[in-house]
Amino acid sequence: MNSNRIKRHSGFRYYFFNILLFVIILALITGFVIVFFCPTKNIKVKGNHICPDTVISAAIVRDSFDENAIYCLLHNKIKPVKDIPFVRDYKIILSNRNTLTVRVKEEEPYGYVESEKGDSYIYYDESGKVLEVSERLLEDVFRVAGITAKKATPGEALPVGESNVKTILLIEDEIKREELPVDAVTFSEDGTITFMVRDILVNLGTRASLSEKLRRLPYILPKLKKQRGTLHLEEWSEENTDIVFERE
């Protein structure tokens, strides 16, 4: 009985240590292949229109270990980068042993205001939250002039005052909804709100009855094609519905 137990025990130890040795050797070979045969030679970025390829590539390669394609892939899956400009989410795919493909989902800005010092641009989303603070001026983004911000933090509300944020979003929402060709709005010190539609300066006056004033523009502007001048809506109200166009 004892000899049989010894034989069975010895057989188990033999197979266990052989399997363990095989796993160790396989792990060493795999590690060797990864380290020496999978350096990151090429990073392809897809889906980005705002953030440059070079910025995204530099963001995902955070240290010397990320210069290995397999390590970089795993590193970004376990601990993704959260502060790439205008990037909401991204996914990395190993195209081959030396090439990574980064598929990007961008957060497009709804508009921007300038910083109080005039040295940066504060981009916000359609809810009025700050997306990014950048020294780079993006093309084709709605501009808000006459209102500036001291200090802005991505993820927080646009720091220009709650009433200003509501007014900015109301104007921009109406402009986009009515498909008006407007790319900027100006807030003057006296509270006057104006913007250009082709060669026509639209003067909305103060914030009173803004929605109603804006909703009348699609009916008025087609009648003023090829005209130059100022469209006065500052005196408009439910009691006074007169709208004056002053030719240049």
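**Notebook: burial, helix packing and ring pairs**

Entry 1. Whole chain.
I began with burial and found that 38% of the 248 residues in the chain are buried. The model I was looking at is a predicted one. I then went through the secondary structure and noted five helices and 12 strands. For contacts with a separation of 6 or more, I looked up how many join residues 24 or more positions apart, and the share is 48%.

Entry 2. Helix α4 against helix α5.
I looked at how α4 (residues 162-177) lies against α5 (residues 210-220). Their axes come within 10 Å and cross at roughly 20 degrees. Angles under 35 degrees count as roughly parallel, and α4 and α5 are therefore roughly parallel to each other. I noted the crossing of α4 past α5 as right-handed. On the α4 side, the contact is made by T167, L170, I171, E174 and R177. On the α5 side, I listed L210, S211, L214 and R215. I sorted the residues of this contact by type and got four nonpolar, two polar and three charged.

Entry 3. The buried side of α5.
Which residues of α5 are buried? I wrote down L210, S211, K213, L214, L217 and I220. I had already met L210, S211 and L214 in the contact with α4. Next I checked what the buried residues of α5 pack against. They pack against α4, and also against three strands: β9 (193-197), β10 (200-205) and β11 (229-232). As a reminder for reading such lists, an α-helix has 3.6 residues a turn, so residues three or four places apart point the same way.

Entry 4. Loops before and after β10.
I looked up two residues that have a positive phi although neither is a glycine, R198 and S209. R198 has a phi of about 55 degrees and lies in the loop between β9 and β10. R198 counts as partly exposed because its relative accessibility is 49%, and the limit for exposed is over 50%. S209 also has a phi of about 55 degrees, and I found S209 in the loop between β10 and α5. With a relative accessible area of 29%, S209 is partly exposed too.

Entry 5. Aromatic rings.
How many aromatic pairs are there? I counted four. One of them is Y112 with Y121, which is edge-to-face, at 5.6 Å centre to centre and with 90 degrees between the planes. Both Y112 and Y121 are buried. Another is Y112 with Y123, a tilted pair at 5.6 Å centre to centre and with 50 degrees between the planes. Y112 sits in strand β4 (residues 111-115) and Y123 in strand β5 (residues 121-124), so I noted this pair as a link between distant parts of the chain, 11 residues apart. Y123 is buried, as is Y112. Finally I traced the ring pairs as a set, and they link F86, Y112, Y121 and Y123 into a cluster.

Entry 6. T99.
Is T99 buried or exposed? Its relative accessibility is 9%, so T99 counts as buried. I placed T99 in strand β3 (residues 99-106). Leaving aside neighbours within four places in sequence, I found T99 in contact with N42, K44, I93 and L94.

Methods:
Residues are numbered from 1 along each chain as its sequence is written. This is a predicted model: local features need pLDDT of at least 70, side-chain atom pairs count only at pLDDT 80 or more; totals for chains, interfaces and linings use all residues. Side-chain values use heavy atoms; hydrogens and water are left out. Axes are lines fitted to C-alpha atoms, for helices over the stretch in contact, and angles run from 0 to 180 degrees between N-to-C directions. Helices (H or I, at least four residues) and strands (E, at least two) are DSSP runs, numbered from the N terminus. Angles under 35 degrees count as roughly parallel, over 145 as roughly antiparallel, 65 to 115 as roughly perpendicular and the rest as oblique. A crossing is left-handed if the near helix is turned anticlockwise from the far one by less than a right angle, and right-handed if clockwise. Contact means heavy atoms within 4.5 Å. Ala, Val, Leu, Ile, Met, Phe, Trp, Tyr, Cys and Pro count as nonpolar, Asp, Glu, Lys and Arg as charged, and the others, Gly among them, as polar. Rings of Phe, Tyr and Trp (its six-membered ring) pair if their centres lie within 6.5 Å; planes under 30 degrees apart count as stacked, over 60 as edge-to-face and the rest as tilted. Buried means under 20% relative accessible area, exposed over 50%, partly exposed in between (1.4 Å probe, protein chains only).
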